Amino acid sequence: MSIRILCDSTCDYTTQQAEELGISLVPLRVVWGAEEYYDGVTMQPEEFFDKLAASELLPTTSQPSPEAFLPHFRAAKEAGDEVICILLSAALSGTCQSALIARDMVEYDGIHIIDSRQASLGAQLLIGHALKMREEGRSAEEIVSVLEEERERVRIYLIVDTLLYLQKGGRLSAAGMTVGSALNLKPVLEVSGGGVHVAGIARSQKGAWEKILRLLEKSGGMDPMSGYNLGFTGKRACLDAFEAFMEERLGTACGRVVSVGSVIGVHVGPGANAVAVVLQKR
């Protein structure tokens, strides 16, 4: 019996990266008027942000159907393997619900479904730890138990060029939009516990970076064993200054640089910088 790790495309591993790591991906969909794309399959991040910048129409996103999970679950059942699904926050998508329905259809107890309460570079921290524990020979039950504790300590701190996409997509309240947009201030968003909220306000880009470090310190600091990931939307160059700042101040290079894909990009827009960390245990 082996352990299969299944994720959805919002973890933002490329198809090649997923193959190299030994994980499988179920894609979400991006609907653009009459056109439909599969995240990371028929729509790559840079192509998406170029199209977003040129379009007056804001696309929508759609979760995978239960049927999208069935081939993976049935293959595992036939092989007698266990499956650990690490999926996009249930507060942001119905992806977990689709996987739960598919598990009931297959009627197999060897399928474990984890609501990561995260997305993208935050989910990658959990997936990376799951892969490490699988290599160490840990059981599926042990891996699930560790990840369900660790997900509560994962944070993404995010600086966006505009809150418009989050507000239009319903991922941020009108009140949060008003606060964040006042006086052209730079809002710092936090992804934690499955949701997105404004965690702080700064008067400049550099001030927003400093605010992230203060928020991180206030929350207990970064677990040095887990390190951190960085993410960007659109062009890689928009991350360069932020990457240099974080490396200097945190004293180590990031674990991974993640090009955030189309499903999360719909809500964030281009030009965003993000850092994902696992907080130290209190």
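Which residue in strand 6 is the bridge partner of Cys7? Keep that in mind as you open the viewer; what you see there is a predicted model.

**Stop 1: strand 1 and its neighbours**

Select residues 3–8, which make up strand 1. This strand is mostly covered, with five of its six residues buried. Now add residues 82–87, strand 6: the two strands run parallel and are joined by five bridges. Here is the reply to the opening question: Cys7 has Ile86 as its bridge partner in strand 6.

Next, add residues 23–26 to bring in strand 2, which runs parallel to strand 1 and is joined to it by four bridges. To find one of these pairings, pick Ile5 and look for Ile23, its bridge partner in strand 2. Colour residues 15–21 as well; this is helix 1, and together with strand 1 and strand 2 it makes a right-handed β-α-β unit.

**Stop 2: strand 7**

Keep strand 6 on screen and select residues 111–115, strand 7. Are the residues of this strand buried or exposed? Ile111, Ile113 and Asp115 lie on one side, His112 and Ile114 on the other, and all of them are buried, leaving both faces covered. In a regular strand, side chains alternate between the two faces of the sheet. Five of the five residues of strand 7 are buried, so the strand is largely enclosed by the rest of the structure.

Strand 6 and strand 7 run parallel, with five bridges between them. Click on Leu87 and then on Asp115, its bridge partner in strand 7. To follow the chain between these strands, trace helix 4, residues 95–106: the β-α-β crossover that passes through this helix is right-handed.

**Stop 3: a six-stranded sheet**

Move along to another part of the chain and show strands 8 to 13. These six strands form an open sheet of mixed pairing, and reading across it gives the order 10-9-8-13-11-12. Strand 10 (195–202) and strand 12 are the edge strands, each pairing on one side only. From one strand to the next, the twist averages 25°.

Now zoom in on strand 11, residues 228–232. Four bridges join this strand to strand 12 (residues 256–259), and the two run parallel. Strand 11 also pairs with strand 13 (residues 273–278), this time in the antiparallel sense over five bridges. Gly231 is a handy residue to label: its bridge partner in strand 12 is Val258, and in strand 13 it is Ala274.

**Stop 4: helix 10 and helix 9**

From strand 11, the chain reaches strand 12 by way of helix 10 (residues 240–250), in a right-handed β-α-β crossover. Select helix 10 and you will find it lying across strand 11, strand 12 and strand 13, running at about 165° to strand 11.

For the last selection, add helix 9, residues 205–218. How do the two helices meet? Their axes come within 11 Å and cross at roughly 40°, and the crossing is right-handed. Show the side chains of Lys206, Trp209, Glu210, Ile212, Leu213 and Leu216 in helix 9, which meet Ala241, Phe242, Phe245, Met246, Arg249 and Leu250 in helix 10. The residues of this contact divide into nine nonpolar, three charged and no polar.

Key
Residues are numbered from 1 along each chain as its sequence is written. This is a predicted model: local features need pLDDT of at least 70, side-chain atom pairs count only at pLDDT 80 or more; totals for chains, interfaces and linings use all residues. Side-chain values use heavy atoms; hydrogens and water are left out. Two strands pair if DSSP finds at least two bridges between them. A crossover is right-handed if, with the strands pointing away from the viewer, the path from the first strand over the helix to the second runs clockwise. Axes are lines fitted to C-alpha atoms, for helices over the stretch in contact, and angles run from 0 to 180 degrees between N-to-C directions. A crossing is left-handed if the near helix is turned anticlockwise from the far one by less than a right angle, and right-handed if clockwise. Contact means heavy atoms within 4.5 Å. Ala, Val, Leu, Ile, Met, Phe, Trp, Tyr, Cys and Pro count as nonpolar, Asp, Glu, Lys and Arg as charged, and the others, Gly among them, as polar. Buried means under 20% relative accessible area, exposed over 50%, partly exposed in between (1.4 Å probe, protein chains only).
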